[in-house]
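This report considers a protein and its ligand. Please look at the sequence and the model before reading on.

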Amino acid sequence: MSARAYFDWNATAPLRDEARAALVAALDAAGAASSVHSEGRAARALVEKARGQVADLVGAEAKEVVFISGATEANALALTPELVALGRQVACDRLLVSAIEHASVLSGGRFAADKIERLPVTADGVVDLGALRAALAKGGRPLVSVMHANNETGVIQPIAEIAAIVHAAGGFLHVDAAQTAGRIACDMMALGADMLTLSSHKMGGPQGAGALIMRGAQPATPLIKGGGQERGFRAGTENVAAIAGFGAAAAAAAATYEAAGDRMASLRDRFETLLKLTSPDVVIFGAAVPRLPNTTCFAVPGLKAETAVISFDLNGVAVSSGSACSSGKVTASHVLAAMGADPALSAGAVRVSLGWTTTEPDIDRLLIAWKRVAAALLKRQAHAA
Ligand code: PMP
């Protein structure tokens, strides 16, 4: 059994070997990808190879891919009222986002605060399609942003159905696929998205790279102006090494995600079965609907997520709190709140996310750690009673 077990793949995945090799090799590319000399053309070739690899992963064309610093920036670029569709400029006067989106989508990009509306989700964490239809019936030209799968619960959204509803109302659809690309089937055409956000580090590429794939619509103006890199959508010298690593990760993920997903689902399901035996009062969020094969988000009454995460860590296991946890500060999860979860219960939500190298002994270690966390909780509760 290895010294530690890592179960926070939805925060970031370890670098794949293929990505490391491509990244290290590209660090020695001497040129800037926009230069015309041989060195520049060599760097350009690395970027274009990666563009093809990323495009292939999601069934897009290479020319639809814009490289950018990550999913956060891709979301910020996509969410703008001024779009170009079918060669014509269109102005969106409303932004509809689901209540469970990542903070970078909830913030609404370049839309004014009073133009942003939140769509509710069901108790299972699925976007409420009735509420979407009702919101669209109010008219205007909406841009809608719904994530492919949620990072906290793993719940997969019915994107193709949402795309059909949005398009029938004359709107555009942006999909944040940071958690799905390279993990489950994520095909631009099947999803029906006009714009799709990807993150390199969630699929085993380096951090600090991502892509916005643009098909049915594209932002009329860039976020960062300056040089004409990335067809003018993202000024600044390309991060050639990170992009090369991203491309290699995308290619490796495309070749292996199906088998890896089946393996992770059986490990995750085994964990959940034993979790329910150990803690019969456990609540597993989103368990009744389709979820990512690698994610489980659960809570037992009385648990405090911060304490649990630290106890897991002391037992050699890295998990995360189900609450949004950035800059080390734990706040109530907006995702679980939107699902109508009891705040006292969701304060103890723990997120366990597996990856392609997770093993059965890792799951055993996780279960041993959980038994200790649960026993300590029972002891505290007995003491307090
Ligand atoms: N969207 C989702 C759904 C995410 O899970 C994350 C990462 N937590 C992001 C966007 C941001 O990704 P990046 O780190 O590449 O900016």
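How many bridges join strand β5 to strand β7? Four bridges link β5 (residues 94-98) and β7 (residues 142-145), and the two strands run parallel. Strands here are DSSP runs (E, at least two residues), and helices are such runs of H or I with at least four residues, numbered from the N terminus. One bridge partnership pairs valine 97 with serine 145 of β7.

The model is predicted: local features need pLDDT of at least 70 and side-chain atom pairs pLDDT 80 or more, while totals for chains, interfaces and linings use all residues. Residues are numbered from 1 along each chain as its sequence is written, and side-chain values use heavy atoms, without hydrogens or water.

**The sheet.** Seven strands make up an open, mixed sheet in the order β2-β10-β9-β8-β7-β5-β6, where two strands pair if DSSP finds at least two bridges between them. β2 (65-68) and β6 (116-119) are at the edges with a single partner strand each, so one side of each lacks a neighbour in the sheet.

**The ligand.** Residues around the ligand (a heavy atom within 4 Å of it) include Gly70, Thr72 and Lys202. The table gives polar contacts, that is, pairs of N or O atoms within 3.5 Å.

| Residue | Protein atom | Ligand atom | Distance |
|---|---|---|---|
| Alanine 71 | polar backbone atom | oxygen | 2.9 Å |
| Aspartate 176 | polar side-chain atom | nitrogen | 2.6 Å |
| Histidine 201 | polar side-chain atom | oxygen | 2.8 Å |

The protein covers 84% of the 400 Å² of accessible area that the ligand has alone (Shrake-Rupley method, 1.4 Å probe).

Technical notes:
Polar contact = N/O pair within 3.5 Å; in protein donor to acceptor, adjacent residues only side chain to side chain.
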